[in-house]
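Colleague: Hi! Could you walk me through this one while I have it open on my screen?

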Amino acid sequence: MRRPRAAIVGLSGPALTAEEAALWRETPPLGAILFARNIEDPDGLRALTDSIREELGESAPVLVDQEGGRVARLRPPHWPEFPAAAAFESLPEEAARANAALLGLECRAVGFDVVCAPVLDLRLPGQHEIVGDRAFSASPAEVARLGRAWVEGLQEAGCIPVVKHVPGHGRAMVDSHLDLPRVDVPRDVLAEDCGPFAAQAGTGAWAMTAHILYEALDPELPATLSPQVIGQVIRRAIGFEGVLVSDDLCMRALRGDPGELAGQAIAAGCDLVLHCNGDPAETAAVLEGCPPLPEVAEARLAAARAAMERLRRPDLDPEALRAVRDAQLAASA
């Protein structure tokens, strides 16, 4: 098999098409990410994740955005609803850990091994609602506390977490899906946003970049494309040495050719790029513009999987986990 490109890509529908399979055989991505358009029922989803690994190999990561609340790809009637992160503010860590483990078990059962959660952004008043109840709290210490429990719960269930959106999306005044946010606060204020990410730096979780321009860090480039933000802030100041994946290159915060954006993000210091819309022409451009997976990224991927395997608990009891979570949520109501 050809060496994979440093990319995670989306698919167009609920089954891998012949066109997609042919593209992957020519320029294979490292893995795939799935969305509502790809998901019909558990049997069909399991068949899709199996077919992805038949093409890319058994170790290919398959990602899903499954935070709970309004960001969930697995939904009723086939899957249970999960609370948003904000519901766990001030609750014991056991409640957040149990909820994350339950969520992870549902994901793992249909073939997902990487879950894009938890959100470690601050839930700050007056900022854009794109973060809102997806975040645990406005307090960096509380976000760090619950974030660690969430990371551990996902790992116990056999999933690799992806903390997001480093170095912090909580101060954005616009939705980066629609435009490029610009954050103009001093470095010492931004340090508060970085705190929860620093607290998870050694856990084995992946991290996802923010498509935000931070005036105090790099007045020219958004974090995803900035060697300065990635090298000096994410890697050095925060101390994150794990797998760094871009947020979706399709988002309107970034402008330009998908292949060129992919190359810029990798050159800036991302280990992987994420391209989600499943458009065949754009996917081909991303894979063409993206370099093969470098050895340093391979080592980081292996370390993340090893960290998960150390905490993984095959004996998890979903009913017991549900009882722990629901008792704490009820007590806080």
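Modeller: Happy to; we can go through some helices first and then a few single residues. Keep in mind that this is a predicted model.

Colleague: Good to know. Let's begin with α1: which of its residues are buried?

Modeller: In α1, which spans residues 18-26, the buried ones are Glu 20, Ala 21 and Trp 24. They sit on the same side of α1, because they cover an arc of only 100 degrees around the axis.

Colleague: And which residues are exposed on the other side of α1?

Modeller: There you find Ala 18, Glu 19 and Arg 25, which are exposed.

Colleague: What covers the buried residues of α1?

Modeller: The cover includes two strands, β1 (5-9) and β2 (29-34), along with the helices α2 (42-56) and α8 (280-289).

Colleague: Let's stay with α8 for a moment. At what angle do α1 and α8 pack?

Modeller: The angle is about 5 degrees, and the axes are 11 Å apart. An angle under 35 degrees counts as roughly parallel, so α1 is roughly parallel to α8.

Colleague: Which residues meet there?

Modeller: From α1 you have Glu 19, Leu 23 and Trp 24, and from α8 Pro 280, Thr 283, Ala 284 and Leu 287. Sorted by class, the contact of α1 with α8 has five nonpolar residues, one polar and one charged.

Colleague: Nice. Now another pair: how do α3 and α4 cross?

Modeller: Helix α3 (residues 93-109) and helix α4 (residues 140-156) have axes that come within 7 Å and cross at roughly 35 degrees. The crossing of α3 past α4 is right-handed.

Colleague: Which residues make that contact?

Modeller: On the α3 side they are Glu 93, Ala 96, Arg 97, Asn 99, Ala 100, Ala 101, Leu 103 and Gly 104. On the α4 side they are Arg 145, Leu 146, Ala 149, Trp 150, Glu 152, Gly 153, Leu 154 and Glu 156.

Colleague: How many of the residues in the contact of α3 with α4 are nonpolar, polar and charged?

Modeller: The count is eight nonpolar, three polar and five charged.

Colleague: Moving on to α6: which residues are buried there?

Modeller: α6 covers residues 227-237, and Val 229, Ile 230, Val 233, Ile 234 and Arg 235 are buried in that helix. Their arc around the axis is only 165 degrees, which puts them on the same side of α6. On the other side of α6, Arg 236 and Ala 237 are exposed.

Colleague: What covers the buried residues of α6?

Modeller: Among the elements that cover them are the strands β7 and β11 (244-248), plus the helices α5 (187-199), α7 and α9. If you follow the chain just past α6, you reach Gly 239, with a positive phi of about 85 degrees.

Colleague: You mentioned α7. Is Gly 259 in that helix buried or exposed?

Modeller: Gly 259 lies in α7, residues 258-268. Gly 259 is buried, because its relative accessible area is 7% and the cut-off for buried is under 20%. Leaving out residues up to four places away in sequence, Gly 259 touches Ala 285, Val 286 and Gly 289.

Colleague: What about Arg 325, buried or exposed?

Modeller: Arg 325 is buried, with a relative accessible area of 8%, and its place is in helix α10. Beyond its neighbours within four places in sequence, Arg 325 is in contact with Phe 82, Pro 83, Phe 88, Ala 95, Ala 98, Asn 99 and Leu 102.

Colleague: Time for backbone oddities. Which peptide bonds should I look at for cis geometry?

Modeller: Try the bond from Pro 76 to Pro 77, which is cis with omega near 10 degrees. Pro 77 is found in the loop between β5 (71-72) and α3. The bond from Lys 164 to His 165 is cis too, with omega near 5 degrees, and His 165 is in strand β7, residues 160-166. For context, most peptide bonds are trans.

Colleague: And what is phi of Ser 90?

Modeller: Phi is near 75 degrees, a positive value in a residue other than glycine. Ser 90 is in the loop between β5 and α3, and at 61% relative accessibility Ser 90 counts as exposed.

Colleague: Last one: where is Asp 315?

Modeller: Asp 315 lies in the loop between α9 (295-311) and α10 (318-332). Asp 315 is exposed, with a relative accessible area of 55%. The C-alpha atoms of Asp 315 and Ala 157 are separated by 9.4 Å, with the two positions 158 residues apart along the chain.

Notes. Residues numbered from 1 in each chain as written. Predicted model: local features only at pLDDT ≥ 70, side-chain atom pairs only at ≥ 80, totals over all residues. Heavy atoms only, no water. Buried < 20%, exposed > 50% of the residue type's maximum accessible area, 1.4 Å probe, protein only. Helix = DSSP H or I, 4+ residues; strand = E, 2+ residues; numbered from the N terminus. Arc of directions from axis to C-beta. Contact = heavy atoms within 4.5 Å. Axes fitted to C-alpha atoms, helices over the stretch in contact; angles between N-to-C directions. Parallel < 35°, antiparallel > 145°, perpendicular 65-115°, else oblique. Nonpolar A, V, L, I, M, F, W, Y, C, P; charged D, E, K, R; others polar. Left-handed = near helix turned anticlockwise from the far one by under 90°.
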